[in-house]
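These are my notes from a first reading of one structure. I went through it entry by entry and wrote down what I looked up.

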Amino acid sequence: MGILDKIAEIEREISRTQKNKATEYHLGLLKAKLAKYRAQLLEPSKTAGAKGEGFDVMKSGDARVALIGFPSVGKSTFLSLMTSTASEAASYEFTTLTCIPGVIEYKGANIQLLDLPGIIEGAAQGKGRGRQVIAVARTADVVIMMLDATKGGVQRDLLEKELESVGIRLNSKKPNIYFKPKKGGGLSFNSTVPLTMCSEKLVQLILHEYKIFNAEVLFREDSTPDEFIDVIVGNRVYMPCLYVYNKVDQISIEEVNRLAHVPNSVVISCGMKLNLDYLLETLWDYLALICIFTKKRGERPDFGDAIIMRRAASVEHVCHRIHRTLAGQFKYALVWGTSTKYSPQRVGLTHIMEHEDVIQIVKK
């Protein structure tokens, strides 16, 4: 029996099993086995096959955004509208066969946008170059999931399932669980909160499935068995995802209103160029980028060339971005903007910068 058959059998068993107090250990074990087989499936095969065409694109710009979606939902049209790159768009499926990069210039930042080939059901198992597409998506800062508004929520559920099965967790944070395998001493299990979904026995069973008999486990929040398995495996990627519903000009206004109020969603129409400016604003928030302007002594600030940083960046991060030796020669900095109590404020290396602050660095 192949790995795919084993995965299918376990999934059938999980769907058949009734969820109650009596079956929680059985379900926990099944989920651990499922995660184990999926990890084996993602491992590259030992036999060297024919060398294929490279798929990944070199990371450039201040942030990277991956466009994921089923074939013919408007990904290439969106790339052509947002960037100066022309990606072939046609009314048939699989127009795009490789990864096409483009650059969005917004608020002084260069955001790399990757137009990936359409994903089909079973992509996680390698159908339709699905594995390469998902591997590129793992390297992005934000995923834009392009969906056809006329298809309802079917596409979203299928895509979420495909990404979930390869360890991409969308719009969720890493579970607050401390886990450390040890050489001996058995299992040390503690929790700082009352646990309703996991027990010591279940944790022990899951660890035994992974051949781990000595470990230290501390739950700092009430987590599910799935989240605990994610912590054991350790290769999960937690990233923000923006659900973009295209072709809203083909559905009723009531349906548009309903989709627009779904969390983490934006409705657009590439054909009629509707709501694209709001999508860019939302994308900027999701990327958590800020612009910082520099100023020389006795001169006006340089508003033409901004330094793009991540939110919660300190003065030290700004110094490293300008030049790697600057932090060593740093005496103090003067900052104008919303991060200060008064302008200009004299600050040290640990001061946290905010969007559109102006900084003047004084060296020793």
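Entry 1, terms. Before listing what touches what, I fixed the word: a contact means heavy atoms within 4.5 Å. I also kept in mind that this is a predicted model.

Entry 2, N246. I looked up where N246 sits and found it in strand 10, which covers residues 241-246. Leaving out residues up to four places away in sequence, I listed the partners that N246 touches: V73, G74, M146, L147, D148, A149, I268, S269 and C270. Is N246 buried or exposed? N246 is buried, because its relative accessible area is 3% and the cut-off for buried is under 20%.

Entry 3, cysteines. I checked C270, one of the residues that N246 touches. With a relative accessible area of 4%, C270 is buried. I then checked C241, and C241 counts as buried too, at 0% relative accessibility. How many disulfides does a search of the whole structure find? The search finds zero. For my own reference, a disulfide is a covalent bond between the sulfur atoms of two cysteines.

Entry 4, the whole chain. I noted ten helices and 16 strands in the protein chain. The chain has 364 residues, and buried residues make up 44% of them. I looked at contacts between residues at least 6 apart in sequence, and 64% of these join residues at least 24 apart. The accessible surface comes to about 19400 Å². Carbon and sulfur atoms account for 52% of that surface.

Entry 5, confidence. I read a mean pLDDT of 80 for the protein chain. A pLDDT of 70 or more is reached by 86% of the residues. Where does pLDDT stay under 50? I found this over residues 46-52. For residues 46-52 the model has zero contacts beyond four places in sequence.

Entry 6, helix 1. I looked up helix 1, residues 3-16, and counted 14 residues in it. From its first C-alpha to its last, helix 1 reaches 20 Å, close to the 20 Å expected at 1.5 Å a residue. Which residues of helix 1 are buried? I wrote down I7, I10 and I14. They cover an arc of only 65° around the axis, so they are on the same side of helix 1. The face turned away from that buried side carries the exposed residues S15 and R16.

Entry 7, Y178. I placed Y178 in strand 6, residues 177-181. Its relative accessible area is 30%, so I entered Y178 as partly exposed. Leaving out residues up to four places away in sequence, Y178 touches E216, V217, L218 and R220. I also looked up the distance from Y178 to N190, which is twelve residues away in sequence. Their C-alpha atoms are 9.7 Å apart in space.

Entry 8, helix 9 and what follows. I checked the span of helix 9, residues 276-287. Its twelve residues should span 16 Å at 1.5 Å a residue, and its end C-alpha atoms are 16 Å apart, which agrees. The buried residues in helix 9 are L276, L279, L280, T282, L283, W284 and L287. Just after helix 9 comes A288, with a positive phi of about 55°. A288 has this phi although it is not a glycine. I located A288 in the loop between helix 9 and strand 12, residues 289-294.

Entry 9, A312. I found a positive phi of about 70° at A312, which is not a glycine. A312 is in the loop between strand 13 (302-310) and helix 10 (315-322). Is A312 buried or exposed? A312 is exposed, with a relative accessible area of 51%.

Entry 10, helix 10. I listed V315, V318 and C319 as buried in helix 10. Seen down the axis, these buried residues fall within an arc of 100°, so they line one face of the helix. What do the buried residues of helix 10 pack against? I noted strand 12, strand 13, strand 14, strand 15 and strand 16, the last at 357-363.

Entry 11, a cis peptide. I looked up the peptide bond from S343 to P344 and found it cis, with omega near -10°. P344 is in the loop between strand 14 (330-336) and strand 15 (345-347). Strand 14 and strand 15 were already in my notes, among the strands that the buried residues of helix 10 pack against.

Notes
Residues numbered from 1 in each chain as written. Predicted model: local features only at pLDDT ≥ 70, side-chain atom pairs only at ≥ 80, totals over all residues. Heavy atoms only, no water. Helix = DSSP H or I, 4+ residues; strand = E, 2+ residues; numbered from the N terminus. Buried < 20%, exposed > 50% of the residue type's maximum accessible area, 1.4 Å probe, protein only. Areas by Shrake-Rupley, 256 points an atom, 1.4 Å probe, with all protein chains shown as cover. pLDDT = per-residue confidence, 0-100. Disulfide = S-S within 2.5 Å. Expected span 1.5 Å × (residues − 1). Arc of directions from axis to C-beta.
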